[in-house]
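This report describes the helical architecture of a protein chain and the contacts between selected helices. The structure is shown first, and the discussion follows.

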Amino acid sequence: MKKFNTQEPFSQRFRVLCLVAMVAVLTACSGIKLAYNQGDTLLYWWLDAYVDLDSEQAPEVKQDIKELFKWHRQTQLKDYIHILTNAQRQLAGNLSKADLDADYRDIIARTELLAQKALPELTDLALSIKPEQLAHIEKKFEKNNETFRKKFIRGSVEDLQEKRFKKSMEQFDLWFGDFSRDQEAILRKASDARPLNNQIWLDDRIRRQQRILTVLRKIDKENLGKEAAAPLVQGLIKDMLARGAENKQFFDTSTDGTMQMILTAVKIATPEQKAHAQKRMQGWISDFNTLAAETK
C-alpha cells in the first residue's frame with residue numbers, strides 16, 4: 001500500500017472494511033450487495049477526502065483497496081453467514097447477556113484479524129504521508145470534531161437522550177419492524193438507563209487522533225524505514241481497537257447498557273416481530289452467499 005495516505009483510516013479504515021459486510025445490519029436486503037460491491041470505490045472516496053491523494057498515489061491506493069476487498073470477499077463473508085445463522089438461532093431461543101458478550105467478542109476478533117491483514121499496507125501508508133497531507137488530515141479531524149460537538153455535545157440532557165434513542169430505534173425498527181408506543185416506552189427507559197457523557201466519547205476520539213498524528217509525524221521527521229515504522233503502526237491498531245484506560249468503566253458500562261437494551265427489545269418483541277427479524281437475516285444470509293460466490 002505504498003502511497004496510501006490517511007489518518008483516521010488507521011482507526012476507521014479497517015473497521016469500515018470489516019463492517020462493510022455487516023452493512024446488512026444497517027441496510028435493507030436490497031442494499032447489501034450494492035453497498036458491498038461499491039465498497040472499494042466508496043472507501044477510496046472516503047480516504048481521498050481525508051488525505052487529498054495525488055495523481056501518483058491514487059492508482060496504487062485503488063489497487064490496494066481492491067486487493068483487500070478481494071481477500072475479504074474470499075475469506076470473510078462465510079464467517080458473516082455463520083454470525084447471522086447463529087443470531088437466528090439465538091433469536092429463536094432464549095437470548096442471554098452471555099450470548100451477546102460472546103457475539104461482541106467474535107466481532108472484535110474478526111476486526112483484529114482484518115487489521116492484522118492490512119498491517120503491511122498500513123505501514124506503507126504511514127511511510128508515504130507527506131507533511132501537507134498531515135495538515136489536511138488534521139483539519140479534517142478538527143472539522144469532524146466540531147460537527148460532533150454541534151450534534152452530540154450542545155443541547156440539554158433530554159435532547160441528547162432523545163437523539164440517542166431515535167438512532168437506536170432506527171436499528172430496532174429495521175430488525176423487527178415498527179414497535180408500538182407501549183414497546184417504545186419500555187425501550188426508552190432502557191435507553192435512558194445507559195450512561196450519557198458524549199464529552200468522554202469526544203475526548204477519546206481526540207486522544208486517538210492526536211496519537212495517530214504524533215506517530216505519523218515521528219515517522220516523517222525521523223525518516224523511519226518500514227522495519228522501524230511497523231511496530232508503531234501496530235501499536236496504533238491496538239489502540240484503535242481499545243478504549244482509553246482512564247474511562248474504561250464508562251465504556252464498559254455503556255456497552256453493557258446497550259446490550260441490556262437489545263435484550264429488552266428481544267424480550268418484548270412479538271412473534272410477528274421476531275419472524276420479521278428472522279426473515280431479514282435470512283435475506284442477508286442469501287446475499288452474503290451470493291457475494292461470496294462472486295468473483296470481482
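In the predicted model, the buried residues of H5 are Leu 77, Tyr 80, Ile 81, Ile 83, Leu 84, Asn 86, Gln 88, Gln 90 and Leu 91. Helix H5 covers residues 77–92, and its end C-alpha atoms lie 23 Å apart. The span expected for its 16 residues at 1.5 Å a residue is 22 Å, so the two values agree.

**Overall composition**

The protein chain contains 13 helices and zero strands. Of its 296 residues, 43% are buried. When contacts between residues at least 6 apart in sequence are considered, 87% of them join residues at least 24 apart.

**Helix H3**

The 13 residues of H3 should span 18 Å at 1.5 Å a residue, and the end C-alpha atoms are indeed 18 Å apart. Gly 39, Asp 40, Leu 43, Tyr 44, Leu 47, Tyr 50 and Val 51 are buried in this helix. Viewed down the axis of H3, these buried residues occupy an arc of 135 degrees and therefore line one face of the helix. An α-helix has 3.6 residues a turn, so residues three or four places apart point the same way. Just after H3, Asp 52 adopts a positive phi of about 60 degrees.

**Helix pairs**

Two packed pairs are set out below.

| Helix pair | Packing angle | Axis separation |
|---|---|---|
| H3 (residues 39–51) and H7 (residues 131–153) | about 105 degrees | 7 Å |
| H8 (residues 157–176) and H13 (residues 271–293) | about 85 degrees | 6 Å |

With an angle of about 105 degrees between them, H3 is roughly perpendicular to H7. On the H3 side the contact involves Ala 49, Tyr 50 and Val 51, which meet Gln 133, His 136, Ile 137, Lys 140, Phe 141 and Asn 144 in H7. By class, the residues of this contact comprise five nonpolar, three polar and one charged. Tyr 50 and Val 51 of H3 are among the buried residues of that helix, and both also take part in the contact with H7.

For the second pair, the angle of about 85 degrees makes H8 roughly perpendicular to H13. Asp 173, Leu 174, Trp 175 and Phe 176 in H8 meet a set of residues in H13, namely Gln 273, Lys 274, His 276, Ala 277, Arg 280, Met 281 and Trp 284. The contact of H8 with H13 divides into six nonpolar, two polar and three charged residues.

Technical notes. Residues numbered from 1 in each chain as written. Predicted model: local features only at pLDDT ≥ 70, side-chain atom pairs only at ≥ 80, totals over all residues. Heavy atoms only, no water. Axes fitted to C-alpha atoms, helices over the stretch in contact; angles between N-to-C directions. Helix = DSSP H or I, 4+ residues; strand = E, 2+ residues; numbered from the N terminus. Parallel < 35°, antiparallel > 145°, perpendicular 65-115°, else oblique. Contact = heavy atoms within 4.5 Å. Nonpolar A, V, L, I, M, F, W, Y, C, P; charged D, E, K, R; others polar. Expected span 1.5 Å × (residues − 1). Buried < 20%, exposed > 50% of the residue type's maximum accessible area, 1.4 Å probe, protein only. Arc of directions from axis to C-beta.
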